[in-house]
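Here are some exercises to work through with the model open beside you. Try each task on your own before reading its solution.

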Amino acid sequence: RLRREIEPVEPTTLARFLPAWQGVEGGVGGIDRTAEVIAQLEGVALPASVYERDVLPSRVAGYTPQLLDELGAAGEVVWVGAGSLGRDDGRIALYRPDRLGLLLPTRSADGGDDETTTSWLHQALRDHLAQRGASFYRELLAAVFAAAESGGHRRPSERETLDALWDLVWGGLLTNDTFAPLRALRWPRRSGGRRSSTARSRLGTRMGPPEAAGRWSLVADTLRTAAELAGGEPSGTEQRAALASTLLERYGVVTRDAVAAEDVRGGFGAVYPVYREMEERGRVRRGYFVEGLGGAQFAIAGAVDRLRSLRRPPGGDRAEDASTLLLAATDPANPYGASLAWPRDEARHRRSPSRAAGAYVVLHDGELALYLERGGRSLQTFAPFGDASVAEASIGALRRLLGDGRLKRLQLERLDGEAIAASPLRERLGALGFRQAYKGYVLDPAG
């Protein structure tokens, strides 16, 4: 019994541990809880579309956008772009302003060498913000028109100016004092690229496009302010120490694969010396805590105890208290595709899942049961789904996407990589609440 206490846990135990460690479906709400979640997720770059649709609501009971707006208005949180994901989405990271200089990747502090942000139009926007400070879109537009006239350039359209603005945002060079423009990116477009004509977008037309609302400023200015408040810019050692501590707070148990999944500059080698020093001082424990993830694993003592408490008896039946969780595939609480490899049956899975924006996973007792591709038209099933009770609970979890409005409709056209009409599992779908339709099988919100 004592030997088993120090044995590494199975990978599925890590998949049970991470959601619990990060407070997924913890039942706690309010602005204080929202601030705690932001502190734990600080610096991790996630698609903007999933933050308020999936990640924050899964951790903050009764989450509403006003909670994030209140923290932003109070100067408690700032967002920074970290790469485009197409025309209407991109990765962002949230930070507490006083931690921005410690955790922001170096490329975002200056970042003038990206070929996508070096045109005269991009430079005109940056020059205006550097000289005048935070500005509204109409002020930026006037500055661009003046720069075009003085430089002999063709006057850009509003669409071109807006696209240049967002190039700078995704390049990590600009931020905004509100979250309104990020939310507006998810509004449907009309012909010509404009957003739908709701009352809010009509107001945006007078003040500028809705995806340009609020005041824009240089990330470098925010960094400068943070350095002044901290009494100077942080050293490289301070930055690595802050990053190492943040990863521990986020994951409890830090592995090489978890660091690689976050695309940390310098990789695991950047934080390894810090963890080794922390181990020598007794602040973290080093060991082989999770099977198959390498020997260089570092953890907070309390995290190790909690991790081991979640393991299941060897050879036992499914636990009675097993939970079924629905998570965005990109959620840091989902270890599959990051710390853990995607499980795959070569005979059934033609292609491996991915941590794509808009995709979802269903975990049952830490095991991957379902993977729903973006758009809700293709579903992959995994070993636990073969159990009738797990299948029912997993489909019930998917139904939540319809109940809370994240998906308007779930119409499956492919199952495990093949046309659903040819799948041997299609009959089971009918027993689980799906109904046959013209192009596939449809799941209704209730049933």
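Two strands pair if DSSP finds at least two bridges between them. Keep that cut-off in hand for the exercises, and bear in mind that this is a predicted model.

**Warm-up: the whole chain**

Task: Find how many helices and strands the protein chain has, and what share of its residues is buried.

Solution: Start with the count, which gives 19 helices and 17 strands in the protein chain. Next comes burial: of the 447 residues, 49% are buried. Last, look at the contacts with a separation of 6 or more: residues 24 or more positions apart account for 67% of them.

**Exercise 1: a hairpin and its partners**

Task: Work out how β11 and β12 are joined, and which residue stands opposite L372.

Solution: Begin with the direction. β11 and β12 run antiparallel and are joined by three bridges, and at least two are needed for a pair. Now pick out one position: L372 faces L379 of β12. Then follow the chain from one strand to the other. The two strands form a hairpin with five residues between them, and in that turn G375 has a positive phi of about 95°.

Move on to the other partner of β12. Strand β14 (residues 414–415) runs parallel to β12, with two bridges between them; here S378 stands opposite R414. Finally, check the faces of β12: S378 and Q380 are buried on one side, and L379 and T381 are buried on the other.

**Exercise 2: two loop residues**

Task: Decide whether E373 is buried or exposed, and do likewise for A357.

Solution: Locate E373 first; this residue lies in the loop between β11 (367–372) and β12 (378–381). The cut-off for buried is under 20% relative accessible area. E373 has 15% relative accessibility, so this residue counts as buried. Beyond the neighbours within four places in sequence, E373 is in contact with R351, G358, A359, S378 and Q380.

Now A357, which sits in the loop between β9 (324–328) and β10 (360–364). With a relative accessibility of 12%, A357 counts as buried. Setting aside neighbours within four places in sequence, the contacts of A357 include P47, D89 and R374. To close, compare sequence with space: A357 and R91 are 266 residues apart in sequence, while their C-alpha atoms are 9.6 Å apart.

**Exercise 3: a second hairpin**

Task: Name the bridge partner of S84 in β3, and find which residue takes a positive phi in the hairpin of β2 and β3.

Solution: Take the strands first. β2 (residues 78–84) and β3 (residues 90–95) run antiparallel, and five bridges join them. G90 is the bridge partner of S84. Between the strands of this hairpin are five residues, and G86 takes a positive phi near 105°. As for burial, β2 is mostly covered, with five of its seven residues buried.

**Exercise 4: a sheet with a helix on it**

Task: Put the strands β13, β16 and β17 in their sheet order and say which of them stand at the edges.

Solution: The order is β13-β17-β16 in an open sheet with antiparallel pairing. β13 (410–412) and β16 (434–436) each have a single partner strand, so they stand at the edges with one side left without a neighbour in the sheet. On average, neighbouring strands are turned by 30° against each other, direction ignored. β16 pairs with β17 (residues 441–443) over three bridges, and Q436 stands opposite Y441. Now add the helix: α18 (residues 388–403) packs on this sheet and touches β13, β16 and β17. The direction of α18 makes about 75° with that of β17.

**Exercise 5: two packed helices**

Task: Describe how α2 packs against α17 by angle and axis distance.

Solution: Helix α2 (residues 11–21) and helix α17 (residues 301–309) pack at an angle of about 125°, and their axes are 9 Å apart. That angle makes α2 oblique to α17. The crossing is right-handed. Residues making the contact are T13, L14, F17, A20 and W21 of α2, together with A303, R306 and L307 of α17. Sorted by class, the contact of α2 with α17 has six nonpolar residues, one polar and one charged.

Terms used
Residues numbered from 1 in each chain as written. Predicted model: local features only at pLDDT ≥ 70, side-chain atom pairs only at ≥ 80, totals over all residues. Heavy atoms only, no water. Axes fitted to C-alpha atoms, helices over the stretch in contact; angles between N-to-C directions. Helix = DSSP H or I, 4+ residues; strand = E, 2+ residues; numbered from the N terminus. Parallel < 35°, antiparallel > 145°, perpendicular 65-115°, else oblique. Left-handed = near helix turned anticlockwise from the far one by under 90°. Contact = heavy atoms within 4.5 Å. Nonpolar A, V, L, I, M, F, W, Y, C, P; charged D, E, K, R; others polar. Buried < 20%, exposed > 50% of the residue type's maximum accessible area, 1.4 Å probe, protein only.
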